[in-house]
Amino acid sequence: MKVFNTLSRQKEEFVPINPGEVRIYSCGPTVYNHAHIGNMRAYVFMDTLRRVLKFNGYKLKHVMNITDVGHLTSDADEGEDKMVKTAREQKKTPWEIAEYYTAIFFKDIEELNIEKPEIIAKATDHINEMIEFVKGLCDKGYGYETSDGIYFDISKFKDYGKLSKIDLEGQKAGARVEVNPEKRNPLDFALWKKAPREHIMQWPSPWGMGYPGWHIECSTMARKYLGDTFDIHTGGVDHIPIHHENEIAQSEALLGKPAVRYWMHNEFLLVDNGKMSKSLGNTYTIDDIKARGFSPLAFRYMCLNANYRSKLNFTWGGLQAAQTALERLYEAVLQHREGTEKVDPAELENAMKEFSEAISDDLNIPKALGIMWNLAKYPKKSREIYETLITMDSITGLKLAEAEKKTKSDDELDAEVKSLVLQRLEARKEKNWKLADEIRDGLKQRGYTLEDKPGGTGVVWKGADGFEKKAFVPAEK
Ligand code: AMP
Ligand code: ZN
């Protein structure tokens with residue numbers, strides 16, 4: 001299996017430290033707000049990586065953090081803690097905010113069929129370990145104290161910048177006006193912040209009351225659960241220059257050796273070819289997608305259809321195209337499920353081999369999807385094709401095995417709509433065509449299409465998950 005390592009900017013053969021087992025760390029959400037669909041692209045990528053590794057026979061030990069303290073509104077270690085800011089705005093405690101948005105996050109990823117990592121680590125549960133980590137860095141001469149915290153001295157770590165390949169000399173020359181004059185180097189970052197008395201989230205430390213820096217959280221929790229050196233670290237490309245550079249500096253400074261073997265980053269999701277922003281009102285969430293009648297799995301399909309290392313442009317039209325493609329895939333899968341024709345087993349084996357090569361080539365999922373489509377469109381309808389597609393869906397996670405529920409008849413019909421359909425059947429029996437038409441037109445306006453059939457009425461509508469639903473209401477005797 002090959003993966004693209006951001007450190008070397010090359011595809012490399014993946015060899016885990018312990019044969020048969022892969023240890024992974026993924027930067028998780030800062031739970032001060034709804035995660036947006038850009039964040040979700042990062043977690044679809046993380047999930048795909050998990051599935052491909054498992055497909056290739058590896059056992060996983062995967063940690064994802066929940067950042068519930070220390071992520072400041074500015075990357076320059078200034079500004080307010082995002083959690084505290086939202087808590088103040090919503091008149092809640094930061095803990096209430098964290099609990100609320102963490103629950104929504106897990107609901108969102110479940111709807112996208114993203115598997116939960118084996119270990120979920122909350123930053124506020126690991127404050128003591130973080131303090132120990134910072135103490136260790138200070139003992140080794142990497143940390144220094146200022147009036148507002150403990151900072152990491154990047155000039156002491158000669159490899160600083162190796163992930164993002166930043167030119168430190170150039171940076172220094174062109175550095176913007178430094179906001180904190182106590183910092184020794186412009187890119188020094190906070191390991192620990194001292195808390196003013198009124199600050200809500202604070203813990204005792206050797207440097208007085210305070211709270212951890214955002215970067216130290218990931219270094220500490222990764223080490224606690226995965227050991228000094230582990231296999232893969234994931235995150236979005238925005239984290240390369242600051243967050244991950246700082247994680248490398250902290251961990252390698254303390255351990256004297258690299259902590260991460262392979263750094264893997266997903267490219268950004270753009271909206272209408274630009275950055276999502278609150279001012280443009282385009283920071284969409286999974287709930288926004290559902291409110292417009294789309295299935296979260298259509299968004300998953302959209303993500304899978306682009307290479308994780310390419311930018312992906314989100315538009316509502318693009319999502320509609322993804323949903324239509326997914327519905328067609330479900331229909332094709334259903335046809336093969338009922339199929340009785342025979343296909344040459346060698347052909348299936350070949351497709352499976354190509355599929356496995358594609359996914360193992362740095363997660364080439366667009367190619368893998370193409371192979372699935374070739375099978376789905378195969379003119380002969382065969383149960384073996386169905387089974388092969390279901391096996392392949394262990395990678396794509398599009399719930400192909402549940403296709404029936406989504407497209408076949410007799411979905412749950414709203415009780416009130418059902419009673420109107422029954423009233424209309426009654427009206428027709430009494431030849432009250434006027435009332436029958438009125439009911440039909442009223443339901444049509446609400447998105448329910450009626451079809452008169454022998455023995456009753458068929459109803460077709462679009463469900464909350466965005467998929468077409470059908471039910472049959474028999475005429476009462
Ligand atoms: P955050 O909660 O901001 O730390 O982000 C959570 C994850 O989402 C990180 O891995 C980010 O790199 C990633 N991310 C943020 N915005 C986007 C985006 N527009 N497209 C893809 N990934 C993103
Ligand atoms: Zn992180």
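**Exercise 1.** How many residues surround ligand 1, and which are the closest?

*Solution.* We work here with a predicted model. Looking around the ligand, we find that 16 residues surround ligand 1, and that the closest are Gly38, Asn39, Gly236, Asp238 and Leu269. Sorting the residues of this shell by character, we obtain six nonpolar, eight polar and two charged.

**Exercise 2.** Find polar contacts of ligand 1 with asparagine 39, glycine 236 and leucine 269, using a cut-off of 3.5 Å between N or O atoms.

*Solution.* Begin with asparagine 39, where a polar side-chain atom lies 3.1 Å from an oxygen atom of ligand 1. Next, a polar backbone atom of glycine 236 is 3.0 Å from an oxygen atom of the ligand. Finally, at leucine 269 a polar backbone atom is 2.8 Å from a nitrogen atom of ligand 1. As for cover, ligand 1 on its own has 490 Å² of accessible area, and the protein covers 90% of it.

**Exercise 3.** Determine which space ligand 1 takes, and which elements give two or more residues to its shell.

*Solution.* The space taken by ligand 1 is the largest pocket. Two or more residues of the shell come from helix H1 (37-55) and from strand E10 (230-236), and H1 gives the largest share, four residues.

**Exercise 4.** Describe the aromatic pair of phenylalanine 14 and tyrosine 262, and explain which parts this pair ties together.

*Solution.* The structure holds 17 aromatic pairs. In the pair of phenylalanine 14 and tyrosine 262, the distance is 5.0 Å centre to centre and the planes are 55 degrees apart, which is a tilted arrangement. Because phenylalanine 14 lies in the loop between strand E2 (10-13) and strand E3 (21-26), while tyrosine 262 lies in strand E11 (residues 260-266), the pair ties together parts that are 248 residues apart in sequence.

Technical notes. Residues are numbered from 1 along each chain as its sequence is written. Chains are lettered from A and ligands numbered from 1 in the order in which they are written. This is a predicted model: local features need pLDDT of at least 70, side-chain atom pairs count only at pLDDT 80 or more; totals for chains, interfaces and linings use all residues. Side-chain values use heavy atoms; hydrogens and water are left out. A residue is near a molecule or strand if one of its heavy atoms lies within 4 Å of it. A polar contact is a pair of N or O atoms within 3.5 Å; within protein, one must be able to donate a hydrogen and the other to accept it, and residues adjacent in sequence count only if both atoms are side-chain atoms. Accessible areas come from the Shrake-Rupley method with a 1.4 Å probe; for residues, only the protein chains shown count as cover. On a 1 Å grid over the protein atoms alone, a cavity is a set of points where a 1.4 Å probe fits but cannot get out, and a pocket is an open set with protein on both sides within 12 Å along at least five of seven lines; lining residues have an atom within 4 Å of a point. A molecule sits in a cavity or pocket if more than half of its atoms lie within 2 Å of its grid points. Ala, Val, Leu, Ile, Met, Phe, Trp, Tyr, Cys and Pro count as nonpolar, Asp, Glu, Lys and Arg as charged, and the others, Gly among them, as polar. Rings of Phe, Tyr and Trp (its six-membered ring) pair if their centres lie within 6.5 Å; planes under 30 degrees apart count as stacked, over 60 as edge-to-face and the rest as tilted.
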